[in-house]
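Colleague: I have a model open and would like to learn how to read it. Can we go through it together?

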Amino acid sequence: MTHSLVRVEHVMGMAVSLDLDDDLPVDELERLADGVFDWLRVVDRIFSTYQPESEISRLARGELRREECSPLVGEVLDRCAELWDETGGYFDINAGGVLDPSGYVKGWSVQRACDSLLAEGSANHCLNAGGDIFVRGAPRGRERWRVGVRHPWEAMAVAWVLEVTDTAVATSGTYERGLHVLNPFTGAAVDELRSVTVVGPELGTADAYATAALAMGLAGIDWLAALPGHESAVITEDGRALRSDGLPVVPPKLA
């Protein structure tokens with residue numbers, strides 16, 4: 001008998017869904033799922049900017065020094081510094097005047113969870129945290145997972161359907177949280193792009209690149225086109241839909 005497991009929990013302030021499609025005993029699937037959500041709750045306790053006693057909040061207020069924090073904090077801050085350089089300063093965890101690495105942490109934590117799943121024997125899974133997704137392997141009966149990219153004006157519709165495996169899909173947009181991404185050079189909220197999706201090998205990086213491109217505005221379109229090893233899709237505020245040639249999109253008649 002084959003088994004699979006789908007679990008949805010509210011963690012890190014959002015609905016997170018896990019689909020395990022491995023031929024493993026039910027109790028083993030449940031154990032793997034428990035490990036994923038336990039890890040995400042640890043991440044939330046350390047990095048939540050909404051919890052005053054989280055390490056990242058205390059670090060931002062100067063109540064903790066970096067060396068007093070969990071090693072995970074140093075790992076995240078070091079990678080965010082690299083991403084600041086890679087994006088020409090547009091991915092800036094201090095853009096709002098307060099330390100906030102959330103634009104990297106969500107994708108990074110999902111990626112770490114999926115890497116742990118692989119190490120523990122799950123070769124076919126999909127983890128979706130508020131639209132930031134990593135998939136590995138495939139659901140039974142298919143060669144790849146199908147991932148819908150939400151339409152930024154129609155909540156129940158998709159703009160694209162992607163067919164992917166062993167791949168990260170990250171989307172940053174203004175359609176749910178409003179104009180929450182700032183241009184770090186002007187301090188102004190950006191409003192030229194409605195939705196940016198980046199597809200690549202690692203979710204933390206894809207998540208940060210999507211945020212950076214959104215912060216760039218229209219200039220982010222050309223920047224994304226030049227990114228090695230990544231594909232992208234953009235919807236502008238005036239309704240234009242653009243995508244890279246290599247985006248693994250399913251033709252509409254097959255989606």
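**Reading the fold, strand by strand**

Modeller: Start with strand β3. Of the 5 residues of β3, 4 are buried, so β3 is largely enclosed by the rest of the structure. Keep in mind that this is a predicted model.

Colleague: Which strands does β3 pair with, and in what sense?

Modeller: Take each side in turn. β2 pairs with β3 (residues 125-129) in the antiparallel sense, over 5 bridges. β4 (residues 132-136) pairs with β3 in the antiparallel sense, also over 5 bridges.

Colleague: And residue by residue? What is the bridge partner of V16 in β3?

Modeller: V16 is matched with A129. S17 has N128 as its bridge partner in β3. Toward β4, C126 is partnered by V135.

Colleague: How many residues sit between β3 and β4 in their hairpin?

Modeller: There are 2 residues between them. Check phi in such a turn. G130 has a positive phi of about 60°.

Colleague: Where is a positive phi found in the hairpin of β1 and β2?

Modeller: At M12, with phi near 55°. That hairpin also has 2 residues between the strands. β1 and β2 run antiparallel and are joined by 7 bridges. Within that pairing, V8 stands opposite S17.

Colleague: Now the side chains. Which residues of β2 point to one face and are buried?

Modeller: Read along β2 (residues 14-20) and look for alternation. M14, V16, L18 and L20 point to one face and are buried. A15, S17 and D19 point to the other face and are not buried.

Colleague: Let's zoom out. What is the strand order in the sheet?

Modeller: The order is β1-β2-β3-β4-β7-β8-β9-β10. These 8 strands form an open sheet, and the pairing is antiparallel. Look at the ends next. β1 and β10 (241-243) are the edge strands, each pairing on one side only. From one strand to the next, the twist averages 10°.

Colleague: How many bridges hold β10 to its partner β9?

Modeller: β9 (residues 231-236) and β10 pair over 3 bridges, in the antiparallel sense. V234 has L242 in β10 as its bridge partner.

Colleague: Which strands does α1 touch?

Modeller: α1 packs on the sheet and touches β1, β2 and β3. The direction of α1 makes about 20° with that of β1.

Colleague: How do I describe two packed helices?

Modeller: Use the angle between the axes and the distance between the axes. Apply that to α1 (residues 26-47) and α3 (residues 71-86). Their axes come within 11 Å and cross at roughly 80°. α1 and α3 are therefore roughly perpendicular to each other.

Colleague: Which residues make that contact?

Modeller: From α1, W39, I46 and F47. From α3, L72, V73 and V76. Sorted by type, the contact of α1 with α3 has 6 nonpolar residues, no polar and no charged.

Colleague: Now a single residue. R7: buried or exposed?

Modeller: Buried. Compare its relative accessibility with the cut-off: buried means under 20%. R7 has 16% relative accessibility, so R7 counts as buried. R7 is found in strand β1 (residues 5-11).

Colleague: What do polar contacts join the side chain of R7 to?

Modeller: Two acidic-letter codes to find in your viewer: E30 and D34. The side chains of R7 and E30 are joined by a polar contact of 2.5 Å. For R7 and D34 the polar contact is 2.8 Å. Set aside neighbours within four places in sequence, and R7 is in contact with V16, S17, L18, E30, A33, D34 and F37.

Colleague: Where does I93 lie?

Modeller: In the loop between α3 and α4 (102-119). I93 has 13% relative accessibility, so I93 counts as buried. Beyond neighbours within four places in sequence, I93 is in contact with L77, C80, V98, L99, D100 and P101. Check sequence against space too. I93 and Y104 are 11 residues apart in sequence and 8.8 Å apart in space, C-alpha to C-alpha.

Colleague: One last case. Which helix holds S57?

Modeller: S57 lies in α2 (residues 55-60). At 9% relative accessibility, S57 counts as buried. Not counting residues up to four places away in sequence, S57 touches S48, T49, Q51 and P52.

Note on methods
Residues are numbered from 1 along each chain as its sequence is written. This is a predicted model: local features need pLDDT of at least 70, side-chain atom pairs count only at pLDDT 80 or more; totals for chains, interfaces and linings use all residues. Side-chain values use heavy atoms; hydrogens and water are left out. Axes are lines fitted to C-alpha atoms, for helices over the stretch in contact, and angles run from 0 to 180 degrees between N-to-C directions. Angles under 35 degrees count as roughly parallel, over 145 as roughly antiparallel, 65 to 115 as roughly perpendicular and the rest as oblique. Contact means heavy atoms within 4.5 Å. Ala, Val, Leu, Ile, Met, Phe, Trp, Tyr, Cys and Pro count as nonpolar, Asp, Glu, Lys and Arg as charged, and the others, Gly among them, as polar. Buried means under 20% relative accessible area, exposed over 50%, partly exposed in between (1.4 Å probe, protein chains only). A polar contact is a pair of N or O atoms within 3.5 Å; within protein, one must be able to donate a hydrogen and the other to accept it, and residues adjacent in sequence count only if both atoms are side-chain atoms. Two strands pair if DSSP finds at least two bridges between them.
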